[in-house]
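Here is a walk through one protein model, written for someone who would rather look at residues than read tables. Keep the structure open and click along.

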Amino acid sequence: MTLQEVLVAHRATTPSAVALVARGDDVEFAAIGEETRESVFPIASVTKPIVATAAMLLVRDGKLGLDDPVATWLPEIANPVVARTPSSRIDDVVPATRPITVRHLLASRSGWGFTADFSLPATQKLFEEAHLHGREDLPSPEEWLKHLALVPLLHQPGDGWLYNTSYDVLGVLLHRVTGSLPDFMAERFYEPIGMPTTGFISDALPSGAGGLKSTVDDLLAFNRFLLNGDLLAELAVDTTTAQEREAGRIFLEGQGWGFGGSVDIAEIDPWNVKGRYGWVGGSGTAAHVVPSQNLITILLTRTAMTSPTPLAIMRDFWRSAARQVL
């Protein structure tokens with residue numbers, strides 16, 4: 001199927017979308033609804049690879065180190081407590097035995113975040129106090145950190161993979177390190193890379209987990225930056241264990257996690273190629289690079305995901321791109 005045929009086939013459930021596949025300089029684009037290449041979409045968790053890249057640039061600049069404690073910049077969460085067991089009551093906690101580091105945030109191992117079981121007491125507390133997805137009245141970073149500090153970690157820092165919240169913490173940390181994360185991104189990304197339309201939906205609290213809006217061509221420029229540079233070799237390194245991948249299967253579908261996105265390590269579906277890096281967003285978005293094939297795939301829709309499972313249109317889009325490579 002061509003990209004246009006893929007989009008048309010899903011028009012009933014996804015009436016607005018753009019799709020792009022780039023193999024080197026060869027670019028195929030398709031759109032349905034009123035969308036164009038200039039259409040701006042909230043990209044949700046496709047934000048994560050961009051913010052992870054920003055963090056690695058700051059590491060290279062010497063502004064922060066991967067093993068630096070985050071409490072250096074975020075004193076509000078300097079003394080987290082940990083649930084005695086994942087299913088323990090909110091008040092059944094023990095002290096953290098080690099500090100949360102920048103590396104823990106990038107690898108989603110801070111101890112805050114989501115498992116496949118959304119009913120855990122600490123997870124429910126996280127939803128109540130500090131989950132940002134879907135909120136229009138975003139708090140200030142200071143207020144948000146105060147609420148986050150009320151939520152116990154599900155495990156000791158570094159001891160396991162959990163989804164999402166580490167990247168909201170990372171966004172606030174980078175905001176403090178740089179003085180303004182939106183300004184830093186504009187200077188180091190948007191201008192030199194060629195991403196003029198990308199920016200945070202809210203500058204009040206720049207969510208590193210899902211706060212950016214962008215266009216298909218801005219994301220093409222970003223992913224070309226990854227393919228043509230040397231940062232991808234640091235971002236696309238699996239940091240998970242087999243046990244963690246199994247526990248996080250609802251999110252990872254058997255693949256690994258690097259810094260900011262998933263890393264394919266198992267050829268489970270036709271589109272899984274070892275080293276494929278990228279992520280999906282809850283607003284119905286996806287962007288990946290396949291270094292071994294010099295391939296970039298980007299799909300932007302306005303159809304929200306109702307679970308961590310990728311939309312049917314995403315799977316057909318990836319399948320179509322994979323077939324065209326063969």
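## Thr 14 and its company

Set aside the neighbours within four places in sequence, and Thr 14 still touches Ile 32, Thr 301, Thr 303 and Ile 313. You'll find Thr 14 in the loop that runs between helix H1 (3-9) and strand S1 (17-23). Loop or not, Thr 14 has a relative accessible area of 3%, so with the buried label set at under 20%, Thr 14 counts as buried. Bear in mind while you click around that this is a predicted model.

## The chain as a whole

Zooming out, the protein chain has twelve helices and twelve strands. Its C-alpha trace spans about 55 × 40 × 35 Å along the principal axes. Is the chain's radius of gyration what a compact globule would have, or what else does it come to? For 326 residues, a compact globule would come out near 20 Å, and the protein chain has 19 Å, so the two agree.

Burial and contacts fill in the picture. Of the 326 residues, 56% count as buried. Take the contacts between residues at least 6 apart in sequence: 66% of them join residues at least 24 apart. On the outside, the protein chain exposes about 13,000 Å², with carbon and sulfur atoms supplying 51% of that.

## The nonpolar core

In soluble globular proteins, nonpolar side chains tend to be buried together. Here, the largest nonpolar core has 101 residues, and the members that touch the most others are Leu 106, Leu 174 and Phe 189. Which element gives this core its largest share? That would be helix H2 (residues 47-60), which puts in eight residues.

Leu 106 is a good one to click on. Beyond its neighbours within four places in sequence, Leu 106 is in contact with a long list of residues, among them Ala 52, Ala 55 and Met 56. The list also includes Leu 66, Tyr 167 and Leu 170, along with the stretch Trp 257, Gly 258, Phe 259 and Gly 260.

## Two residues with positive phi

Most residues other than glycine have a negative phi. Ala 44 is not a glycine, yet its phi is positive, at about 50°. Ala 44 sits in the loop between strand S3 (41-42) and H2. With a relative accessible area of 11%, Ala 44 is buried.

Ser 108 also has a positive phi without being a glycine, with a value near 60°. Look for Ser 108 in the loop between helix H3 (102-106) and helix H4 (121-129). Its relative accessibility is 1%, so Ser 108 counts as buried.

## Salt bridges

Side chains of opposite charge can pair when their charged atoms come close. How many salt bridges does the model have? The count comes to 18. One of them joins Asp 92 and Arg 84, with N to O at 2.7 Å. Arg 84 is exposed, at 51% relative accessible area, while Asp 92 is partly exposed, at 22%.

Arg 245 and Asp 238 make a salt bridge too, with their closest N and O atoms 3.1 Å apart. Is Arg 245 buried or exposed? At 17% relative accessibility, Arg 245 counts as buried, whereas Asp 238 is partly exposed, at 25%. Another salt bridge links Glu 246 and Arg 249, where the closest N and O atoms are 3.3 Å apart. Both ends are partly exposed: Glu 246 has a relative accessible area of 48% and Arg 249 is at 39%. Elsewhere on the list, salt bridges with shared partners tie Arg 60, Asp 230 and Glu 234 into one network.

## A nonpolar patch on the surface

Not every nonpolar side chain is tucked away. Phe 118, Phe 127 and Ile 250 make a nonpolar surface patch of about 220 Å². Ile 250 belongs to helix H11 (residues 249-252). Why can Ile 250 be part of a patch? A residue needs over 30% relative accessible area to join one, and Ile 250 is partly exposed, at 32%, so it passes that cut-off.

Key
Residues numbered from 1 in each chain as written. Predicted model: local features only at pLDDT ≥ 70, side-chain atom pairs only at ≥ 80, totals over all residues. Heavy atoms only, no water. Patch = residues over 30% accessible without salt bridge, like charges linked within 9 Å, V, L, I, M, F, W, Y side chains within 5 Å. Areas by Shrake-Rupley, 256 points an atom, 1.4 Å probe, with all protein chains shown as cover. Salt bridge = Lys/Arg side-chain N within 4 Å of Asp/Glu carboxyl O. Helix = DSSP H or I, 4+ residues; strand = E, 2+ residues; numbered from the N terminus. Buried < 20%, exposed > 50% of the residue type's maximum accessible area, 1.4 Å probe, protein only. Contact = heavy atoms within 4.5 Å. Rg over C-alpha atoms; globule rule 2.2 N^0.38 Å. Core = buried A, V, L, I, M, F, W, Y, C linked by side-chain atoms within 4.5 Å.
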